[in-house]
Protein chains: 4
Amino acid sequence: MQVETDIGHTGVVGFLKGAKPGPTVMLRADMDALPVTEKVDVPFKSTIVTKYMGEDVGVMHACGHDTHVAMLMGTAEVLAAVKNQLHGNIMFVFQPAEEGAPEGEEGGAELMLKQGIFKKYKPEVAFGLHIMSSLNSGQIGYRSGPIMASADTFDITVNGKQTHGSAPWNGVDPIPAAAQIVTGVNHIVSRQIDITKEPAIVSFGKIDGGVRDNIIPDSVNMIGTIRNFDMDNREQIFDKIKTTATHIAMASGTKADVKINKGYPVTINNPALTAQMLPTLRDVAGKDVAGKDNVIEVPKLTASEDFSFYAQEVPGLFIFLGATPVGQDASKAAYNHSPYFYVDESSFKVGTKALSQLAVDYLAMKSK
Amino acid sequence: MQVETDIGHTGVVGFLKGAKPGPTVMLRADMDALPVTEKVDVPFKSTIVTKYMGEDVGVMHACGHDTHVAMLMGTAEVLAAVKNQLHGNIMFVFQPAEEGAPEGEEGGAELMLKQGIFKKYKPEVAFGLHIMSSLNSGQIGYRSGPIMASADTFDITVNGKQTHGSAPWNGVDPIPAAAQIVTGVNHIVSRQIDITKEPAIVSFGKIDGGVRDNIIPDSVNMIGTIRNFDMDNREQIFDKIKTTATHIAMASGTKADVKINKGYPVTINNPALTAQMLPTLRDVAGKDVAGKDNVIEVPKLTASEDFSFYAQEVPGLFIFLGATPVGQDASKAAYNHSPYFYVDESSFKVGTKALSQLAVDYLAMKSK
Amino acid sequence: MQVETDIGHTGVVGFLKGAKPGPTVMLRADMDALPVTEKVDVPFKSTIVTKYMGEDVGVMHACGHDTHVAMLMGTAEVLAAVKNQLHGNIMFVFQPAEEGAPEGEEGGAELMLKQGIFKKYKPEVAFGLHIMSSLNSGQIGYRSGPIMASADTFDITVNGKQTHGSAPWNGVDPIPAAAQIVTGVNHIVSRQIDITKEPAIVSFGKIDGGVRDNIIPDSVNMIGTIRNFDMDNREQIFDKIKTTATHIAMASGTKADVKINKGYPVTINNPALTAQMLPTLRDVAGKDVAGKDNVIEVPKLTASEDFSFYAQEVPGLFIFLGATPVGQDASKAAYNHSPYFYVDESSFKVGTKALSQLAVDYLAMKSK
Amino acid sequence: MQVETDIGHTGVVGFLKGAKPGPTVMLRADMDALPVTEKVDVPFKSTIVTKYMGEDVGVMHACGHDTHVAMLMGTAEVLAAVKNQLHGNIMFVFQPAEEGAPEGEEGGAELMLKQGIFKKYKPEVAFGLHIMSSLNSGQIGYRSGPIMASADTFDITVNGKQTHGSAPWNGVDPIPAAAQIVTGVNHIVSRQIDITKEPAIVSFGKIDGGVRDNIIPDSVNMIGTIRNFDMDNREQIFDKIKTTATHIAMASGTKADVKINKGYPVTINNPALTAQMLPTLRDVAGKDVAGKDNVIEVPKLTASEDFSFYAQEVPGLFIFLGATPVGQDASKAAYNHSPYFYVDESSFKVGTKALSQLAVDYLAMKSK
C-alpha cells in the first residue's frame with residue numbers, strides 16, 4: 001500500500017496495487033467532526049473543546065465521519081489481504097472538510113481533486129457511504145440518479161437611500177423592494193422551473209435591514225439557500241434569482257447586489273453503475289429477521305455531499321448505512337448532527353463488507 | 001358683440017368691446033350633455049335618444065351644462081347693457097365637449113385653444129363656474145390653488161407566452177407579473193410621492209387576461225386612472241408607473257407595454273386672483289338666513305375639468321354654484337351625472353350675478 | 001360473452017367467463033371524441049360537425065380513443081378464442097366521457113363505478129392503455145407509481161365594493177386583493193408542499209375584473225388548475241388555496257369566495273403489479289431494430305386520466321402505446337388533441353397483444 | 001406670580017393674576033435637551049456628557065428648547081410688568097420631556113395634564129412656539145388647522161415555525177409572510193384612506209428575522225412609524241394595520257403579533273383662534289427689508305409635538321420662529337436636531353414679543 005498524506009490540508013490517499021491488471025476503484029471516507037457538544041453517555045465521549053463563533057463548544061463526530069474512517073481502514077485491511085486476487089487497484093481517499101472548509105479557505109473533495117488525485121490515480125469509478133441514524137443497523141439505503149441535493153447560497157443586498165420615515169419620498173425605500181423580491185423569488189420554483197423533472201427549493205433564511213422605527217434604512221440584506229436535484233435546473237435558478245432581484249429592485253429605484261455562492265453539486269448515482277452493483281449490495285445486506293430485503297430505495301435527501309465532486313468526474317455510487325439498533329424506531333432516532341447522535345457499532349461490519357465487496361465485484365466484472 | 005361660431009367643432013366665442021380701454025376678461029360656459037336617461041319629472045325633461053355603446057340611451061344635461069349656457073347668456077345681456085362703463089373687454093366662450101370628445105377626436109377647451117382663441121382675443125384672466133348639487137342654492141364654493149384634479153389614464157399590457165397550465169415552465173406566465181405590477185404600482189403613492197404637498201391617487205379599474213382555467217394566457221391587460229393636484233407629482237407618477245411596470249415585468253421574463261393617456265390637467269385657481277376676487281364673491285352671495293356666509297371654502301375635488309387648460313394659459317378662477325333648494329340637505333341630493341340630477345333655477349340669478357360682477361370688478365380694479 | 005349496454009349513459013361492459021376458476025381482470029377502453037376539426041388527409045377523415053361554444057366545429061378522435069376501442073375489440077376476440085384455457089374471467093369496459101362529461105352532467109369512469117360495475121363484476125386488477133404520438137410504433141411506455149396527474153380546478157371571486165377610481169377609500173378595491181392572492185397562492189408550491197415527495201403545480205388561467213379605467217369594480221374572478229402526483233399533497237393544496245385566498249382577502253376588507261372543483265385523481269400504477277407485469281410487457285414489445293428495449297420508462301405526465309378512478313378501487317396498470325411510424329421523430333409528431341394527430345395502425349397489433357397478454361399472464365400467475 | 005414646581009417630574013407652572021377679571025391664557029415652553037454632541041463653536045457650547053445607548057454622548061439644546069425657556073421667561077417679565085392692565089390671567093408652563101420620556105416612564109405634556117394643571121388653572125386657550133432654523137430671524141411661520149403630524153409606531157412580529165431551509169414544508173416560513181405584510185400595509189395609504197382630506201404616511205423602519213442562510217427562522221420582527229394630520233385617519237390606520245398584518249399572516253399559517261404604540265396626536269391650530277390672532281402676529285413681525293410680510297404660511301410638518309395634547313383640551317395656536325440670521329439661506333441651515341444647529345439670538349425679541357402680544361391681545365379682545 002502506497003500512502004500519501006497532507007493532500008487537501010490533512011487528507012490521505014492510499015493506493016493498493018492488485019496483482020492482476022485492471023482499472024482502479026476509488027473508495028472514500030470523510031473524516032471531519034462538528035462543533036457540537038456530545039451528550040450521549042459513551043465511554044469514548046468526545047472531550048475536545050473548540051472556539052466557535054466566539055464561544056467554547058465541544059467537538060464531536062455528530063455526523064459519524066469517524067465511523068467512515070474506521071470502516072475504510074477495515075476495508076483497506078480486508079482488501080490488502082486479498083490483493084493477489086484483485087484484477088485492478090484500489091484507491092483509498094480519507095478526506096477532510098466535507099462539512100465545509102473554514103470561511104475563505106478551500107478544502108474537501110474539491111481541493112483534493114484540484115491537487116490532482118484523480119489525474120494521478122485515475123480511478124474508473126467511485127464508491128462512498130454515509131452512516132445514517134434514520135435507518136436500522138443492517139440496512140443499506142440506495143437510490144439511482146440524483147440522491148442528494150446541490151446546496152448553494154445567495155446573498156442579496158437591496159440598496160436604497162436612507163431617509164426619515166415621515167418623508168419616504170425624500171429617499172429610496174429598500175424595505176418594500178426587498179419584500180417584493182422575496183415574493184418574486186418565490187415564484188421561480190412555482191412558475192419557472194420544471195419541477196416534474198426534479199424538485200427545487202429556494203429559501204430565504206435571513207432578512208435584515210434598519211435599526212429604528214422612524215428611519216428608512218439605506219439597505220436590506222437577505223441570504224438564503226438553493227437546493228436542486230438537477231444540474232440544469234440549478235443553473236437556471238441562479239440566473240432567475242439574479243434577474244428577479246435585479247429588476248424588482250430597479251422597479252422602485254433601488255439597486256440589488258446579488259451574489260450566488262456555489263456549494264456542492266447534486267450527488268448523482270450513476271444509473272448504470274447503480275444497477276450493476278445492486279446485486280452486490282443485496283448479497284452483502286441480505287434480509288432482516290422478518291424476511292424483508294435489507295437494501296431499500298430511499299427518497300431524495302435535500303442535504304448535500306461533496307462526494308458529488310468525485311461523481312462529476314467518474315461514475316459514482318453513494319449509499320447510506322443504517323446505524324440505529326434493530327428493534328428501535330429509526331425514524332425517531334437522534335438525527336445526524338444532533339448532540340445525541342449515536343451509532344450502533346454492529347453496522348460497521350455491514351459497511352466494511354459493502355465497501356470491500358463493491359470494489360472486489362466491480363473489478364471482477366471488469367476482468368471478464 | 002362680435003360672434004364667431006364653429007370653433008372647436010360647435011363652439012362659439014363672443015367678444016364684447018367695452019367703451020374704455022383695458023384688458024380682456026374671459027368668461028366660460030361648457031355646453032355638452034351626457035348619455036344618461038333623465039328620470040326627473042320636469043316639463044322640459046329631455047326627449048333626445050342616442051346610440052351609446054350599441055344601445056339606445058337618453059341624453060340629458062346631467063351635469064347641468066345647460067344652466068351654464070343660460071347663465072353665460074344672461075351675463076352677456078347684463079354686460080352688453082353696461083358696455084359703455086367697461087374699462088376693457090369681455091370674451092364669452094361657449095365650449096363643447098367638456099365631458100370628453102368622441103374616441104379618437106380632439107375637442108373641448110384644448111381644441112379651442114389650439115385653434116387660437118387666446119392668441120386672437122388675448123384674455124388676461126379666465127373665470128368659470130360649475131353648478132353643483134352638493135351645495136345649496138345661494139351658496140358659492142371656492143378654493144385657492146388646486147381645486148380639481150388632473151385625470152389621466154394608464155394602459156398596461158403584460159406580454160408572456162401562452163402555455164398549458166399544467167406546465168408553466170414551458171411558457172412565460174403574465175398573470176403573476178400583472179399581480180406584482182398591481183402591487184408595485186400601489187407603492188408609488190405610498191412611498192415615492194410627497195403627498196403632504198398634494199394628494200395623488202392611482203387606481204386600477206380593470207384587469208383582464210385568459211379565458212380558461214388550464215391555459216396560461218399570452219397576456220394580461222390592465223387599465224386605470226391617475227389623479228393629481230400637483231403638476232409635478234403628475235409627471236413623476238407617469239414616469240414611475242412606466243418604470244415600475246417595465247421592470248417588474250422583466251423580473252419574470254414578461255414584457256410590459258405601458259401607455260399613459262393624458263387627460264385634463266390640474267384645475268388651479270390662481271391664489272392672487274382668488275384673494276383679489278373673494279370680496280366680489282362675498283358681495284354677490286351675501287349671507288344665508290342664519291347669517292352664515294354663503295361663500296364657503298370647499299375641499300379639493302378628485303373630478304377633473306378642462307377649464308384647467310385655460311387656467312394654464314392665464315390666471316383662472318373656477319367656482320362652484322349651489323343648486324339644491326334651500327332647506328334640503330344638499331349632501332343627500334342626487335349628484336351630478338345622476339339621472340335624478342336637479343337644479344333649483346333660483347341659483348341662476350346668483351351665477352349670472354357672480355360672472356357679471358367678477359368681470360366688472362376685475363376690469364374696474366385694473367383701471368385704477 | 002355477456003354484454004351490458006347503456007351504463008354511464010353509452011358505456012358497454014362485456015364479461016367473458018373463463019373455463020377455469022379464478023379472479024376477474026378488467027380491461028378498459030375509453031371511446032369519446034373531441035371538438036376538433038380533423039386536418040389530416042386520411043380516407044376515414046371525420047365528417048361529423050357539432051355546435052361547440054356557439055360555433056360549428058368538427059368532431060374527431062384527436063386523442064385516439066377510437067384506436068382504444070378497436071384494440072379492445074380485438075383483444076375480446078383473442079381472449080374469447082382462448083377462454084377454455086383462462087383461469088378466471090375478463091371484464092371489458094368500453095367507457096364514454098373520459099374527456100369530461102357535458103357541464104353539469106356526470107359521466108365517465110366515475111359514473112360507471114357509481115352505477116356499480118365493480119360491485120357486480122368484482123375485478124381484481126385493472127389494465128388500460130393510451131395511444132401516444134410522442135412514442136414510436138412498437139414502443140410501450142410505463143412508469144411505476146404516479147404516472148399521470150390529478151387535475152382539479154379552482155374558482156376564486158374576490159368581492160369588494162364598487163367605487164370611483166378617484167376615491168378608492170369610498171369603496172373596497174378587489175383588484176389589489178386579487179393580485180395579492182395570486183402572489184400568495186404561488187407560495188403554496190414554493191413553501192408549503194413537500195415537492196421532493198411529488199411535484200405539484202397550481203396555475204391561474206384567467207383573471208378578470210372591471211370594465212373601465214375609472215371605476216373600481218365590485219369583484220375580480222380568477223380561475224385556475226391544480227395538478228398533483230400525490231393524493232395527500234392534493235388535499236393539502238385544496239385547503240391551502242382556501243386559507244390563502246380567504247385571509248388575504250380579509251386583510252384588505254374584501255371577501256373571497258373560493259370553490260374547488262374536483263376533477264380526476266392521480267393515476268397511480270400499483271408498484272407491485274407494475275413490477276409483476278413488466279416481463280409481460282417486455283415479451284410483447286421486444287426490442288427495436290437497433291436492439292434497444294421497446295419498453296421504456298416514461299416521465300410523469302401532468303395530463304390526467306379517469307382510469308385513475310378504477311385504480312383507486314383495485315390495483316391498476318396504465319401504459320402508453322407508441323403511434324408515430326418508426327423512422328419519424330416522435331418528439332416532433334402532432335401531439336394528442338391536435339387536428340393533425342395521426343396514428344400508425346401497425347401499433348394496433350402491439351396494443352392488442354399487450355392487453356391480451358397482460359390478462360392471460362395475470363390469470364396464469366394467480367392460478368399457480 | 002404664583003409658582004409650582006416638580007410637576008411632570010421637573011416641570012414648572014407659573015400663574016400671573018391680572019388686575020381685571022377675565023379668562024386665563026396659557027403660554028408654553030418646553031425645556032429638554034437631546035443626546036447630541038454640540039459641534040458649533042459658541043462660548044456657551046454644551047459641556048454636559050451622558051450615557052446614551054451604552055456610549056458617552058454630549059447633551060445639547062439641538063432643538064432649541066433653551067431658547068423657548070429664555071423667551072418665556074422674558075415674556076413672564078414683560079407681562080408681570082403690565083399685570084395691572086390685564087383683563088385676565090396668564091399661565092406659564094415650563095414643560096420637560098417634549099422629546100420623549102425615558103423608556104417606560106410617563107412625561108411631557110401628557111403627564112402634566114394628567115397631574116391636573118388644566119383642571120387647576122383652567123386656561124381658555126394655549127399658545128406655544130418653536131424655534132426653527134429653516135426660517136430666517138424675524139420670520140414667523142403659521143398654519144391654520146393641522147400643522148404637525150401625529151407620530152405613532154407599530155411593532156409587528158410574524159411568528160412561524162423554524163425549520164431547515166431545504167425543507168420549508170416541515171415548518172412555517174415567516175419571511176414571505178412578513179414580505180407580504182410589508183406589501184399589504186403599503187396599500188393602506190394608497191387605497192384605504194382619504195388622503196385628499198389629509199395626507200398619511202406609514203413607513204417600515206426595520207425588518208429583521210433569521211441568522212443563517214439555511215435556517216428558516218421562527219419569526220420576523222418589523223417596526224415602523226405612522227404619521228397623520230387627521231385624528232380620524234389615525235384611528236383608521238391603527239385598525240387597518242392590525243387587520244392587514246393579522247390576516248396576511250394567517251393566510252400562510254403564520255401568526256402576527258401587532259402592537260401600536262401611540263405617540264403624540266396631530267398638532268392642530270384652531271382655525272378660529274388662528275384667524276383671530278393672525279393680525280397680532282403680523283403686527284409683531286412686520287415686514288422684511290424687501291417689504292415682504294414676515295408672517296408666512298408654512299407647509300405641514302411631518303414631525304410631531306406634544307403641544308398637541310394641550311390643543312386637544314383647549315383651542316391652541318402653535319407657531320414657528322425663524323432662527324437663521326437674515327442674509328443666510330435658511331433652507332440650507334443646519335436643521336433642528338443637528339450637532340450644528342445654531343440660533344440667531346436676535347430672534348428672541350420677536351418670540352418674546354409674539355408670546356406677550358398674543359396673550360395681551362387675546363385678553364383684550366375677550367374683555368370687549
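# A tour of the predicted model

The largest nonpolar core holds 121 residues, and the ones with the most contacts inside it are Ile181(A), Ile181(B), Ile181(C) and Ile181(D). Keep in mind throughout that this is a predicted model.

**Stop 1: Ile181 in chain D.** Select Ile181(D) and show what surrounds it. Beyond its neighbours within four places in sequence, Ile181(D) is in contact with Ile156(D) and Val158(D). The list continues with Thr244(D), Ala245(D), Ile248(D), Ala249(D) and Ala256(D).

**Stop 2: chains D and A.** Show these two chains together. The contact draws 35 residues from chain D and 35 residues from chain A. On the side of chain D that touches chain A, two or more residues each come from helix H4 (174-192), strand E12 (200-209), strand E13 (215-216) and strand E14 (219-228) of chain D. Which of these gives the largest share? It is E12(D), with 8 residues. Sorted by class, that side of chain D has 16 nonpolar, 14 polar and 5 charged residues.

Now select residues 200-209 in both chains. Strand E12 of chain A and E12(D) pair in the antiparallel sense, over 3 bridges. To find the place, pick Gly209(A), which stands opposite Ile207(D).

**Stop 3: strand E14 of chain C.** Move to chain C and select residues 219-228. Is this strand enclosed or open? Of its 10 residues, 9 are buried, so strand E14 of chain C is largely enclosed by the rest of the structure.

Next, add strand E10 (residues 150-159) of chain C, which pairs with E14(C) in the antiparallel sense over 10 bridges. Within this pairing, Thr157(C) has Asn221(C) as its bridge partner. Then add strand E12 (residues 200-209) of chain C, also antiparallel to E14(C), with 8 bridges. Here the bridge partner of Lys206(C) in E14(C) is Ile223(C).

**Stop 4: a sheet in chain B.** Hide the other chains and look at the strands of chain B. An open sheet is formed by 8 strands in the order E1-E2-E6-E3-E7-E18-E8-E17, with mixed pairing. At its edges are strand E1 (2-7) and strand E17 (295-297) of chain B, each of which pairs on one side only. Neighbouring strands of this sheet are turned against each other by 25° on average, direction ignored.

For one pairing in detail, select residues 11-17 and 87-95 of chain B. These are strands E2 and E6, which run antiparallel and are joined by 6 bridges. Lys17(B) has Asn89(B) in E6(B) as its bridge partner.

Now bring in two helices. Helix H1 (residues 65-81) of chain B lies across E2, strand E3 (20-30), E6 and strand E7 (123-136) of chain B, and runs at about 160° to E3(B). Helix H8 (residues 347-367) of chain B also packs on the sheet, where it touches E3, E6, E7, strand E8 (140-142) and strand E18 (316-324) of chain B. The direction of H8 makes about 155° with that of E3(B).

**Stop 5: chains B and A.** Bring chain A back beside chain B. This contact takes 19 residues from each of chain B and chain A. Helix H4 (174-192) and helix H5 (231-251) of chain B each supply at least two residues of the side that touches chain A. H4(B) gives the most, with 7 residues. That side of chain B divides into 7 nonpolar, 9 polar and 3 charged residues.

Last, superpose the two chains. A rotation of 180° with 0.1 Å of shift along its axis places chain B on chain A, with an RMSD of 0.1 Å. The two copies are therefore related as by a two-fold rotation axis. The same surface serves both copies, as 100% of the contact residues of chain B recur in chain A.

How values were computed:
Residues are numbered from 1 along each chain as its sequence is written. Chains are lettered from A and ligands numbered from 1 in the order in which they are written. This is a predicted model: local features need pLDDT of at least 70, side-chain atom pairs count only at pLDDT 80 or more; totals for chains, interfaces and linings use all residues. Two strands pair if DSSP finds at least two bridges between them. Helices (H or I, at least four residues) and strands (E, at least two) are DSSP runs, numbered from the N terminus. Axes are lines fitted to C-alpha atoms, for helices over the stretch in contact, and angles run from 0 to 180 degrees between N-to-C directions. Two residues are in contact if their C-beta atoms, placed from the backbone, lie within 7 Å. Ala, Val, Leu, Ile, Met, Phe, Trp, Tyr, Cys and Pro count as nonpolar, Asp, Glu, Lys and Arg as charged, and the others, Gly among them, as polar. A nonpolar core is a set of buried Ala, Val, Leu, Ile, Met, Phe, Trp, Tyr and Cys residues joined through C-beta atoms within 7 Å. A residue is buried if 20 or more other C-beta atoms lie within 10 Å of its own, exposed if 12 or fewer, and partly exposed in between; C-beta atoms are placed from the backbone. Copies are superposed by least squares on the C-alpha atoms of residues with pLDDT of at least 70 in both.
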